[in-house]
Amino acid sequence: NKSIKSIKYCKSKWINCPSNNGHKKIQTSINNFIPESWGRKLVIKPIGSHWTQYPKGTLKGTFPVIMSRQQLKENEDEPVPIIIQEYIPHTYEIRVYMIGNRIIAYQVCGRNTAEELWTAAEKIHIEPFELPTYVMKSLYIFKSKMKFDIGAIDLLIDNNSKYVFLEVNLSGDWHYYEKKAKNNQVSTAVQDFIVRSVRNDD
């Protein structure tokens with residue numbers, strides 16, 4: 001799985017990552033693989049798609065949630081494989097789009113849960129963000145190793161101003177971020193990338 005592979009690569013090479021454990025059985029994970037050193041708060045999110053048919057014919061969304069260790073022990077197993085992740089206190093989130101050799105980043109403030117992007121859009125503030133050169137260099141190396149052309153990377157800036165890698169999403173949408181930030185930089189970069197790719201194929 002590319003999510004697990006990307007996290008393992010980042011932890012071994014270049015940037016901070018939360019501790020992670022991937023499993024479908026929550027109770028197995030919490031009892032055997034989640035040390036107390038991870039703290040009382042944990043993040044639970046799907047390894048792959050947020051959407052699944054469970055039961056068959058019913059579309060269910062599984063989104064990242066923050067739970068206490070005790071809540072997690074009482075929770076039922078999810079219908080999709082999940083990652084249980086150490087919770088990282090942070091100042092804000094950064095969404096980074098990598099399109100060919102372009103990097104476009106946005107700062108995200110005001111979000112407490114994943115679904116608030118849709119359910120409480122009025123409280124979410126998004127604006128263009130300039131990444132430090134050392135982070136951009138690391139992202140280019142990561143992109144080369146993971147072998148993708150277009151992807152959305154989620155980072156945190158923790159309370160000590162350190163960058164923390166969360167995940168890469170190869171099907172990450174960008175319209176929402178552009179709309180909130182009032183620009184179309186990602187759309188333009190994607191268009192330019194496609195045009196260049198077609199011309200190179202010719």
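Two strands are taken to pair if DSSP finds at least two bridges between them, and with that in mind the open sheet of this predicted model is a convenient place to begin the tour.

**The sheet.** Select strands E9, E8, E7, E10 and E11, which lie in that order across an open sheet of 5 strands with antiparallel pairing. Strand E9 (125-129) and strand E11 (163-169) stand at the edges, and because each has a single partner strand, one side of each is left without a neighbour in the sheet. From one strand to the next, the twist averages 25°. Now keep E9 on display together with strand E8 (residues 102-109), and follow the antiparallel pairing of these two strands, which extends over 5 bridges. Within this pair, Val108 can be picked out opposite Ile126 in E9.

**Helix H5.** Next, select helix H5 (residues 133-146), whose 14 residues reach 20 Å from the first C-alpha to the last, close to the 20 Å expected at 1.5 Å a residue. Colour Val135, Ser138, Leu139, Phe142, Lys143 and Met146, which are the buried residues of H5. They cover an arc of only 140° around the axis, and therefore sit on the same side of H5. Turn to the face of H5 that points away from this buried side, and there you will find the exposed residues Tyr134, Lys137 and Ser144. Immediately after the helix, stop at Lys147, which follows H5 and has a positive phi, near 60°.

**The nonpolar cores.** Show the side chains of Ile94, Val96, Leu131, Leu139, Ile153 and Leu155, which have the most contacts inside the largest nonpolar core, a set of 18 residues. Strand E7 (90-99), E8, H5, strand E10 (150-158) and E11 each supply at least two residues of this core, and H5 gives the most to it, with 4 residues. To look at one member more carefully, select Leu155 and, leaving aside its neighbours within four places in sequence, display the residues it is in contact with, namely Glu93, Ile94, Val96, Leu131, Val135, Tyr163, Val164 and Phe165. A second, separate core has 16 residues, and Ile99, Val108, Ile124 and Tyr177 are among them.

**Val190 in helix H7.** Move on to helix H7 (residues 185-201) and select Val190, which lies in it. Is Val190 buried or exposed? Its relative accessibility is 9%, and since buried means under 20%, Val190 counts as buried. If its neighbours within four places in sequence are left aside, Val190 is in contact with Ile99, Ile150 and Trp174. A distance drawn from the C-alpha atom of Val190 to that of Tyr97 should read 9.9 Å, although these two residues are 93 residues apart along the chain.

**Two loop residues with positive phi.** Most residues other than glycine have a negative phi. With that as background, select Ser161 in the loop between E10 and E11, where this residue, although not a glycine, has a positive phi of about 65°. Ser161 counts as exposed, because its relative accessibility is 57% and the cut-off for exposed is over 50%.

The last stop is Lys182, in the loop between helix H6 (175-181) and H7. Its phi is near 60°, again a positive value in a residue other than glycine, and with a relative accessible area of 74%, Lys182 is exposed.

Terms used: Residues numbered from 1 in each chain as written. Predicted model: local features only at pLDDT ≥ 70, side-chain atom pairs only at ≥ 80, totals over all residues. Heavy atoms only, no water. Axes fitted to C-alpha atoms, helices over the stretch in contact; angles between N-to-C directions. Buried < 20%, exposed > 50% of the residue type's maximum accessible area, 1.4 Å probe, protein only. Contact = heavy atoms within 4.5 Å. Expected span 1.5 Å × (residues − 1). Arc of directions from axis to C-beta. Core = buried A, V, L, I, M, F, W, Y, C linked by side-chain atoms within 4.5 Å.
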